[in-house]
Amino acid sequence: MVKEKKISNSKLATLKYPAHKNNYTDGRSKKIDTITPHHMAGKLTARECGFIFQNKNRKASSNYGIGYDGEIALYVNERDTSWCNSNWDSNCRSVTIEVSNSSNGGNWLVSDKSLNSLISLMADIAKRNGMGKLVKGKNVTWHSMYKNTNCPGPYLLSKLDYIIEEANKINNKVIVSSASSKYKVGDLIILNGYLYRDSMGSGRGAKKVNYRGKITIINMAGTKPYHIDKLGWVSEDSISIEEGILYYKKYTGTSNSIVIALNSIGVNSSFENRKKIAIKNGIPNYKGTPAQNIKILKLLKVGKLIKI
């Protein structure tokens, strides 16, 4: 059994469905040095996949699962050996990930949400386990390398180069090209716009309003040249430098009332003033609802409520 410092699990896993003890091996006989993504061969949530591994007769498991909605679950602790790769040596060295498909059959497509979760999870696993740069066929493997199987499916296999590249970018915070850029890596910015899967503008995702983050990668060859935190790529006109912005004093009290919180730091808590504060902080159509007030209060508690 390998004796090394404590092996942790990814904090990206928001769910935990422990596999039955019949379906994995306690501990590891080798150090973790590989990541192996699989596909579920079906459209499942992370919870549904977890239930499969809780069947004591399944005789199979993975360390993690990603549902079609992008949610990540832990099934087998990384310190333990999952039964997933049809190869014992590979099982002992690998952290394995089952990824849901977005539709059944054909090329076994995977949703952008699941793909982005996989990228983030692989980057996290590699960083925590000191795996260095991820390289296809070396420290990133796939099921059909060890067994005559269709796993991980044509689509996921075709995306593996892209997945590895993006995971490495997260860990290395590489400046692909910053020529003519008005910003630099490390700049703190405010984002008001859409996120994209890559710097070419593919796969438009969620829209962020007054999101405060950091530029981690720059690729001026792309139409969406700035990578923000671990979220995605954005256009230049959707970000601004977080400079010269004044914030209200941080609220350190325990009240859940925005009125009490504002009063305690000497700020006018009238509805009209709260409405102005809400607009300034990207909360439109302020009606004084509990949800809107909670948003304002959360910003105030971390010292990030912008002054009007």
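Start with the cysteines: a search of the whole structure turns up 0 disulfides, a disulfide being a pair of cysteine sulfur atoms within 2.5 Å. Select C49, which is in no disulfide; its nearest cysteine sulfur belongs to C84, 8.6 Å away. Now move to C84, whose sulfur is 7.1 Å from the closest cysteine sulfur, in C151, and that is too far for a bond. C49 counts as buried at 5% relative accessibility, and C84 is buried too, at 10%. (Buried means under 20% relative accessible area, exposed over 50%, partly exposed in between, with a 1.4 Å probe and protein chains only.)

A word on what you have open: this is a predicted model, where local features need pLDDT of at least 70 and side-chain atom pairs count only at pLDDT 80 or more, while totals for chains, interfaces and linings use all residues. Residues are numbered from 1 along each chain as its sequence is written, and side-chain values use heavy atoms, with hydrogens and water left out.

**Zoom out**

Show the whole chain as a cartoon. You should be looking at 8 helices and 12 strands; helices (H or I, at least four residues) and strands (E, at least two) are DSSP runs, numbered from the N terminus. The C-alpha trace spans about 65 × 45 × 40 Å along its principal axes. Of the 308 residues, 49% are buried. Among contacts with a separation of 6 or more, 68% are between residues 24 or more positions apart, where contact means heavy atoms within 4.5 Å.

Switch on a surface if you like: the accessible area is about 15,300 Å², and 50% of that belongs to carbon and sulfur atoms (Shrake-Rupley method, 1.4 Å probe; for residues, only the protein chains shown count as cover). Colouring by charge picks out 48 positive and 23 negative side chains, the centres of the two sets lying 6 Å apart. Here Lys and Arg count as positive and Asp and Glu as negative, with His and the chain ends not counted; each charge is placed at NZ of Lys, CZ of Arg, CG of Asp or CD of Glu.

**Helix α7**

Which residues of α7 are buried? Select residues 271-280 and pick out N273, R274, I277 and A278. Looking down the axis, these buried residues fall within an arc of 140 degrees, so they line one face of the helix; the arc is that of the directions from the helix axis to the C-beta atoms. An α-helix has 3.6 residues a turn, so residues three or four places apart point the same way. Add α6 (258-264) and α8 (290-301) to the view, as the buried residues of α7 pack against both. Spin round to the other side of α7 for K276 and I279, which are exposed. After the helix comes G282, with a positive phi near 75 degrees.

**Strand β7 and the loop after it**

Jump to I97 in strand β7. Buried or exposed? I97 is buried, at 0% relative accessibility. Its contacts, not counting residues up to four places away in sequence, include I35, P37, Y64, L118 and M122. K11 is 86 residues from I97 in sequence, and 15 Å away C-alpha to C-alpha.

Carry on to W108, in the loop between β7 (94-99) and α3. W108 has a positive phi near 50 degrees, though not a glycine, and is buried with a relative accessible area of 17%.

**Loop stops**

Next, select N22, in the loop between β1 (15-16) and β2 (24-25). N22 is partly exposed, at 27% relative accessible area. Setting aside neighbours within four places in sequence, N22 is in contact with K56, K59 and W83.

Follow that list to K59, in the loop between α1 (46-53) and β4 (64-66). K59 is another non-glycine residue with a positive phi, near 55 degrees.

Now try D80, in the loop between β5 (72-74) and β6 (81-82). D80 is buried, with a relative accessible area of 7%. Beyond neighbours within four places in sequence, D80 contacts Y24, T25, D26, G27, R28 and N63.

**Last stop: a cis peptide**

Go to P152, in the loop between α3 (112-128) and α4 (154-158). A cis peptide bond joins C151 to P152, with omega about 15 degrees. To finish, draw a distance from P152 back to N22: their C-alpha atoms are separated by 24 Å, and the two residues are 130 apart along the chain.
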